Amino acid sequence: MKLIQYADILSASRSGGKLFTDEKYVLTPLAKEALKRHNVEILSGGSSMRKIIIAGNWKMNMANDEAILLSKAVAAGVGMGEVKDRIAVMCPPFTALSSVAAGISGIKGLYLGAQNIFYEDKGAYTGEISADMLLSCGCSFCIIGHSERRKYFGETDETVNKRVKKALEKSLTPIICVGETLEERESSRELRVVKKQIAGALSGLSKNDIMKVVIAYEPVWAIGTGKTASPEQAQSMHAYIREQLAAIADGDVSQSVSILYGGSMTPANVKGLLECADIDGGLIGGASLKAEDFLKLVHFDD
Ligand code: PEP
């Protein structure tokens, strides 16, 4: 029997509001109180654990004043109190995290994420941002290993792995990006590439930690190009990723991990993608920069 304590609830509330357990559990009285206060849900067993996650990656867009306007418009329309099967995440640039956090605090199901994290705690790392800094701005999520960081900033599977470990150590939920380039797909290497990225990102993690990650499959050829993967292409890769998770951890873990699709997702194609069995949400670039479009993605089934 697992004893769930106050600190477990607080940590779950900071990382998306879900607390996973595969054992029977009891709550301490303080934990029981915190569960209600922080709107945390305890989930156990199988695929029902997966929530839909609609995450916006704003990239290097939105100075503070624009970020405040966008986040307020999203907060006004998100209405997640009534939609209990999903959460929305906004990932503005570091400079706008605090102001966006202030505007969305208290809105159910709407969370703040960062676009990167450094794996050391503090020190002489000019220009880097630590996990504690992200937490102090109100972040619950953190994108790690986006293909743009791999391409332009030398991110490797090894540094992705270090960042994932640091995020988990600090109770931030990592959104780990994987995906093949056009050349890799055209030479039928997409499965091999994604398998290596998944194995690298999760290397040395316990099953319990793997349960807490979110994976985003983002074929590089679909990012910002207007060329979306077809639901069949995306579903087939998502099922493969789940197989890899089962091989690295086990079937229950693989069923509990949300796998998002990213790459030119728009209100026009979201439904077809999210109807696929293994697609649990989206990581969205361009369409997350307009509140109206992002809200259509969040409420894709209205
Ligand atoms: C992204 O950068 O994560 C992304 C999916 O971008 P877009 O939606 O613009 O293709």
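Colleague: By class, how many nonpolar, polar and charged residues does the shell around the ligand have?
Modeller: The model is predicted. In this model, 13 residues lie around the ligand, and Ile 223, Gly 262, Ser 264, Gly 285 and Gly 286 come nearest. Sorted by class, the shell has 5 nonpolar, 7 polar and 1 charged residues.

Colleague: In what order do the 8 strands close into a barrel?
Modeller: The pairing in this barrel is parallel. On average, neighbouring strands of the sheet are turned by 25° against each other, direction ignored. The order of the strands is E5-E6-E7-E8-E9-E10-E11-E12.

Colleague: Which residue is the bridge partner of Gly 262 in E12?
Modeller: Strand E11 covers residues 259–262 and pairs with strand E10, residues 214–217, in the parallel sense over 3 bridges. Within that pairing, Ile 215 stands opposite Ile 259, and Ala 216 stands opposite Leu 260. E11 also runs parallel to strand E12, residues 281–284, and 2 bridges join them. In E12, the partner of Gly 262 is Leu 283.

Colleague: Are the residues Ile 259, Leu 260, Tyr 261 and Gly 262 of E11 buried or exposed?
Modeller: Ile 259 and Tyr 261 point one way from E11, while Leu 260 and Gly 262 point the other way. For both directions the result is that all are buried.

Colleague: At about what angle does helix H4 run to E7?
Modeller: Helix H4 comprises residues 97–104. This helix lies across strand E6 (86–91) and strand E7 (110–114). Its angle to E7 is about 175°.

Colleague: What distance separates the centres of domain 1 and domain 2?
Modeller: The domain assignment gives domain 1 as 1–44 and domain 2 as 46–298. Taken over C-alpha atoms, their centres are separated by 23 Å.

Key: Residues are numbered from 1 along each chain as its sequence is written. This is a predicted model: local features need pLDDT of at least 70, side-chain atom pairs count only at pLDDT 80 or more; totals for chains, interfaces and linings use all residues. A residue is near a molecule or strand if its C-beta atom, placed from the backbone, lies within 6 Å of it. Ala, Val, Leu, Ile, Met, Phe, Trp, Tyr, Cys and Pro count as nonpolar, Asp, Glu, Lys and Arg as charged, and the others, Gly among them, as polar. Two strands pair if DSSP finds at least two bridges between them. Helices (H or I, at least four residues) and strands (E, at least two) are DSSP runs, numbered from the N terminus. Axes are lines fitted to C-alpha atoms, for helices over the stretch in contact, and angles run from 0 to 180 degrees between N-to-C directions. Two residues are in contact if their C-beta atoms, placed from the backbone, lie within 7 Å. Domain bounds come from an automatic or database domain assignment. A residue is buried if 20 or more other C-beta atoms lie within 10 Å of its own, exposed if 12 or fewer, and partly exposed in between; C-beta atoms are placed from the backbone.
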